[in-house]
Amino acid sequence: MFEQYYPIAVLVLLATVLSIIVVFLSRIMGPRRPTPKKSAPYESGMSPIGPAVRRLPIKFYLVAVLFILFDIEVIFLLPYATLVRELGVYGLIATGIFVFILTIGLVYEWKKGALDWE
Amino acid sequence: MGDIFTTIYNFLSGLLVGWGASPIVADAIIAFLAAAVLATCVLLILIFNIWLERKVLGRIQDRIGPNRVGPYGIFQTVADLLKLLTKEIIIPSGADLVPFFLAPIIMVASVILVWAVIPFTAKTIGTDVNIGVLYLAAVGSLGIMAVLLAGWSSNNKYALLGAFRAVAMLVSYEVPMILMLMMPVLITGSMRMGEIAAAQPIWYAFSMPLAAVIFLIAMTAEVGRSPFDLLEAESEIVAGYQTEYSGFAFAMFYAAEWAHAFTMAALIATLFLGGWRGPGAEQYPTLGFIYFIIKTYAVYFLSIWSRGTLPRIRIDQVMSFCWKFLIPLSLILIVLTTLADKIAQTVLMERFPDYMSTASLVDMLPRASILLAVNLVVGALAVWWIALLGRRERQRQEVAISHLAPVEVGTATK
C-alpha cells in the first residue's frame with residue numbers, strides 16, 4: 001500500500017515545490033512597480049464598473065448539478081467494470097437497473113429542456 | 001539485453017547499498033530521484049513540444065514558424081521562457097492572493113501527477129496502483145479546480161465568466177471521458193494501467209474504434225483545444241480565466257496547457273494504442289519505450305492538426321453535443337458492449353476456451369471481432385441519426401426562408 005502511493009506523494013511534493021520555486025524566482029527576477037491604473041482589473045480599457053463577483057446565470061449551476069449526478073454514476077460503474085467476470089448475470093442485472101434509472105433521469109432532463117443552452 | 005530503466009535502477013541500488021544504505025532507504029531515494037526526473041522531463045520536453053507545435057501550425061497556415069533563435073528556431077521557447085521570467089507579475093487590485101497564486105501551481109501539478117501511472121515499458125511505470133484509471137479521473141479533475149480558482153480570485157468579470165464557461169464545458173466532457181475510460185477497464189478487467197497496456201496484443205483502437213474516437217473528442221475538450229477552445233475564446237471573453245495573469249504565472253498556465261495536451265496524447269497511446277506494445281517490445285523493453293514515444297507523438301500530431309484546421313464551435317453547440325449526443329452514445333455503447341461480451345462469453349466459451357485470455361493475438365481474435373461489430377453497428381447508427389437530424393434542420397431552415405422571393409442574377413441592383 002505505502003510503496004504504491006509513495007511515488008505519488010513524492011510527485012505531489014515535487015510538483016508543488018517546483019511550481020512555488022518558479023513563482024518565487026520570477027518575483028525576484030521580475031520588476032515590481034504597481035500603479036493604481038496598472039493593477040486595476042482589465043475591462044477593455046474602461047474603468048471597472050461594479051464588483052466583479054456578481055450573480056451568474058442559473059444554467060451554470062444546472063450543469064454542475066447534472067455533472068455531479070453523472071459523475072457519481074460513472075465512478076460507481078468503474079469498480080463494476082473490473083468485476084464483470086466475478087459478478088456474473090446478477091451483477092449485470094443490478095447494474096442494468098442502476099443505469100436504467102439514471103437514463104430515465106437523463107431523458108426527463110432532456111424533455112424538460114434542462115440540457116438546452118440558451 | 002536488459003531494460004535500460006532496470007539497468008539504471010540496479011546500478012543506483014547497488015551504489016546506494018554499497019554506500020551503506022539499507023535496501024528500503026535505497027528504494028525510497030531512487031523513487032524520489034525517479035519522480036524528480038519524471039517531473040523535470042515532463043516540463044523540459046515542453047520546450048521541444050511548443051517549438052514543434054508552432055512549427056507545424058506555421059506550415060499548416062503557410063508560414064515558416066519560429067526560425068530566429070537557434071537552428072530552425074528550436075530555442076525560441078527558451079527565449080520566451082526567459083523573457084516571461086523577467087516580466088512583472090501584475091496582481092490585480094482586489095485579487096484574492098492565495099487562490100490567485102495557488103491556481104497555476106495546482107494546474108501544473110495536476111498535469112505532472114498523471115504521469116505517475118503511465119507505463120513507459122513492459123516493466124517501467126511510476127507506480128502501478130490498483131486504481132490507476134480512477135486515479136486518472138481524480139487527478140484530471142484537479143485542473144478544473146484550478147480554472148475556477150483562477151477565475152474567481154482575479155476580481156475580473158471576463159475571468160469569472162470565462163472560468164464559469166470553461167468549467168461548465170470541462171465538467172460536461174468529463175462524463176463521456178470517464179465513460180470511455182471504462183471500456184478498456186471492462187475488457188481488461190483491471191484498473192491497473194500496466195495491465196491495460198499489456199492486454200493489447202490487438203490495440204483497443206482496432207477492437208473498439210468508436211470508444212477511441214469518443215475518448216479522443218472528450219479529451220480534446222478536456223485539454224481545451226480547438227474546436228473546443230472556448231476556455232480562451234479571445235473574441236468573446238478576452239483570455240478567459242487567465243485574463244489577469246502575467247509574467248511567469250501566465251507562463252505556468254501556458255505550460256500546463258501544453259503539457260496537458262501531450263499527456264492526453266500519452267493517455268490515448270496507453271489506453272487505446274497499446275502503449276509500449278509492438279514487435280519485440282516484450283523481449284527488449286527499451287524498444288517498448290520507443291514505440292510509446294512514437295505513438296504519443298502520432299496522437300499529439302493529430303491534435304496539432306485539428307488545432308490548425310478546425311474552427312471554434314459555439315458554447316451551446318459544445319454543450320448540446322456533449323449532453324445530447326456523446327453521453328447517450330457512450331451509455332448505449334457501454335451497455336451494448338457489456339451485454340454482447342457477456343452473451344458471447346457464455347455462448348462461445350466451449351468453442352474458444354481462451355475467449356477471455358489476452359495472452360496472444362489469436363486468443364483475442366473472437367472477442368475483438370465481437371467488440372468491433374458492436375462498435376461499428378453503434379457508430380453507423382449514430383452517424384445515420386446525426387445525419388438525419390442535420391437534414392431535418394436544413395429543411396426547417398429552407399422552409400423558414402422559402403417565402404422570400406428569389407432574386408434573379410443581375411436584377412437586384414435595378
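This is a short talk on a predicted model with chains A and B, covering the chains, the nonpolar core, one buried methionine and two pockets.

Hi everyone, and thanks for coming. Please keep in mind that what you see on screen is a predicted model.

Let me start with chain B. Chain B has 414 residues, and buried residues make up 53% of them. How many helices and strands are there in chain B? There are 14 helices and zero strands, and read from the N terminus on, the elements are simply α after α. Along its principal axes, the C-alpha trace of chain B spans about 95 × 70 × 40 Å. If you take the contacts in chain B between residues at least 6 apart in sequence, 75% of them join residues at least 24 apart.

Now chain A. The domain assignment splits out domain 1, residues 3–31, and domain 2, residues 58–112. Taken over C-alpha atoms, the centres of these two domains of chain A are separated by 37 Å.

Next, the inside. The largest nonpolar core has 147 residues. Among those with the most contacts inside this core are Trp115(B), Tyr173(B) and Phe272(B). Which helix gives the core its largest share? That is helix H6 of chain B, residues 157–188, with 21 residues. Chain A joins in as well: the core draws at least three residues from each of domain 1 and domain 2 of chain A.

Let's zoom in on Tyr173(B). Leaving out residues up to four places away in sequence, Tyr173(B) touches Ala218(B), Ala221(B), Glu222(B) and Phe228(B), and also Val318(B), Phe321(B), Cys322(B) and Leu326(B).

Another residue to look up is Met319(B), in helix H13 of chain B, residues 315–348. Is Met319(B) buried or exposed? Met319(B) counts as buried because its relative accessibility is 1%, and the cut-off for buried is under 20%. With residues up to four places away in sequence set aside, Met319(B) touches both chains: Val63(A) and Trp117(A) on one hand, and Ala168(B), Met169(B) and Ser172(B) on the other. Take Ala168(B) as an example: Met319(B) and Ala168(B) are 151 residues apart in sequence, yet 8.3 Å apart in space, C-alpha to C-alpha.

Finally, the pockets. The largest pocket holds about 1,300 Å³ of space. It is lined by 37 residues, and those nearest its centre are Ile30(B), Ala34(B), Thr124(B), Ile125(B) and Gly126(B). The lining of this largest pocket divides into 29 nonpolar, four polar and four charged residues. H2(B) provides the largest share of that lining, 13 residues. Helix H1 of chain A, and helices H1, H2 and H12 of chain B, each supply at least two residues of the lining.

The second largest pocket has a volume of about 650 Å³. Of its 26 lining residues, those closest to the centre include Val22(A), Leu43(B) and Phe248(B). Here H3(B) gives the most to the lining, with eight residues. H1 of chain A and H2, H3 and H11 of chain B each supply at least two residues of this second lining. By type, the lining of the second largest pocket has 20 nonpolar, three polar and three charged residues.

To recap: chain B has 14 helices, the largest nonpolar core draws on both domains of chain A, and H1 of chain A helps line the largest pocket and the second largest pocket. Thanks for listening!

Definitions and conventions:
Residues are numbered from 1 along each chain as its sequence is written. Chains are lettered from A and ligands numbered from 1 in the order in which they are written. This is a predicted model: local features need pLDDT of at least 70, side-chain atom pairs count only at pLDDT 80 or more; totals for chains, interfaces and linings use all residues. Side-chain values use heavy atoms; hydrogens and water are left out. Domain bounds come from an automatic or database domain assignment. A nonpolar core is a set of buried Ala, Val, Leu, Ile, Met, Phe, Trp, Tyr and Cys residues joined through side-chain atoms within 4.5 Å. Buried means under 20% relative accessible area, exposed over 50%, partly exposed in between (1.4 Å probe, protein chains only). Helices (H or I, at least four residues) and strands (E, at least two) are DSSP runs, numbered from the N terminus. Contact means heavy atoms within 4.5 Å. On a 1 Å grid over the protein atoms alone, a cavity is a set of points where a 1.4 Å probe fits but cannot get out, and a pocket is an open set with protein on both sides within 12 Å along at least five of seven lines; lining residues have an atom within 4 Å of a point. Grid points are joined across faces, edges and corners, and a volume is the space filled by probe spheres set on the points. Ala, Val, Leu, Ile, Met, Phe, Trp, Tyr, Cys and Pro count as nonpolar, Asp, Glu, Lys and Arg as charged, and the others, Gly among them, as polar.
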